[in-house]
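Dear colleague,

Please find below the structure I promised to pass on to you. My notes on it follow directly after.

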Amino acid sequence: MTDRDDIPPPDGGDDALAAEYVLGLLGADEARRFEDRLSHEPDLRAAYARWAGHFAALTDDIAPVEPPAHLRRRILGIAPRAPVWRRGWAWAAGVAAVALLVWINFGAPVMRDDGPELLAEIAAEDRALVLSAAYDADSAELVLDRQSGQAAPGRVLELWLIAGDAAPVSLGVLPDDPRAQIAVPQALRDGLAEGAILAVSDEPPGGSPTGQPTGAVLAVGAITSS
C-alpha cells in the first residue's frame, strides 16, 4: 500500500502531468497524447503508477456503501422506473374530468341528510372494479360503496390518498363487505380535498408492507366537490 504522506507534491513537468491525468483533469486531446507516451516512456509510466497508487490509498479509510437502486440504474444508463403507484393512473386526468358525471350516472352512497362535501368514483379502466366514495368533513368519515369487483384470492384491496405531488398515503385496507366506513386521521384531512386522487391497489394480506403500493394499481379516481 502506498503511504499517503510519502509522495511529495508534483514537481512540475511530466510528474504533474501524470497526477493531473490520474485525477481526470486533462482535456481529451491532452489525455490522448499522454496515453500515447505511456506506451514508450518508462519514466512516465512510473510517475503514473506512483500517483495512481497514492490517490487510490486516499480511499482506504472510507467504508464501502451499497448504492441505492435508483443510483445504480442511472450509472448503468437504465431509465429510472416509475414508482408502482404512478404506473396505474396515467389516465387519472381523464377520470377527473368526468368524475362528477359518472357519479350522477352510477349513484352515490347513502349519507347523512345534509349530503357529503366531497365525492369520487374510483374505477378501473375496464370497470372491473368500481367504488363510489363520499367524505364528510364534519364527521371526518370517508364512506365507500363497492359496486363491482373484489380482491383476488389471498389478496386485499388497499385504499390510498395522493395529494398533489406527494407520495401515496394509505387510508387502510378495505373490508370484504361492499361498504366501508373509514375514519380519516387528523393529519390526512387537509389532503383529502378537491383535486386529490384516491386509488386502490392489490396488496398481500394485512396491506402493503412498505408503506407504499407494492401491487398493481387497480382503480383510481379524482375527488370533486359536491
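Strand β7 and strand β8 (residues 217-222) run antiparallel and are joined by 5 bridges. Within this pairing, alanine 199 has valine 220 of β8 as its bridge partner. Please bear in mind that the model is a predicted one.

β7 also pairs with strand β4 (residues 156-162), again in the antiparallel sense, over 7 bridges. One of the residues involved is valine 156, whose bridge partner in β7 is glutamate 203.

As to its surroundings, β7 spans residues 197-203, and 7 of its 7 residues are buried. In a regular strand, side chains alternate between the two faces of the sheet. Both faces of β7 are covered: Ile197, Ala199, Ser201 and Glu203 are buried on one side, and Leu198, Val200 and Asp202 are buried on the other.

A second point concerns arginine 146, which belongs to strand β3 (residues 141-148). Which side chain of opposite charge is nearest to this buried arginine? That side chain is aspartate 176, at 6.3 Å. Arginine 146 has no salt bridge, because a salt bridge requires a side-chain nitrogen within 4 Å of a carboxyl oxygen. A polar atom of the arginine 146 side chain does, however, lie 2.7 Å from the backbone oxygen of glycine 149.

Leaving aside residues up to four places away in sequence, arginine 146 touches Leu129, Val130, Leu131 and Leu157, together with Pro175, Asp176, Asp177 and Pro178. Aspartate 176 is thus among the residues that arginine 146 touches, although the two form no salt bridge.

With kind regards

Key
Residues numbered from 1 in each chain as written. Predicted model: local features only at pLDDT ≥ 70, side-chain atom pairs only at ≥ 80, totals over all residues. Heavy atoms only, no water. Helix = DSSP H or I, 4+ residues; strand = E, 2+ residues; numbered from the N terminus. Buried < 20%, exposed > 50% of the residue type's maximum accessible area, 1.4 Å probe, protein only. Lys, Arg positive; Asp, Glu negative; His and termini not counted. Polar contact = N/O pair within 3.5 Å; in protein donor to acceptor, adjacent residues only side chain to side chain. Contact = heavy atoms within 4.5 Å. Pairing = 2+ DSSP bridges.
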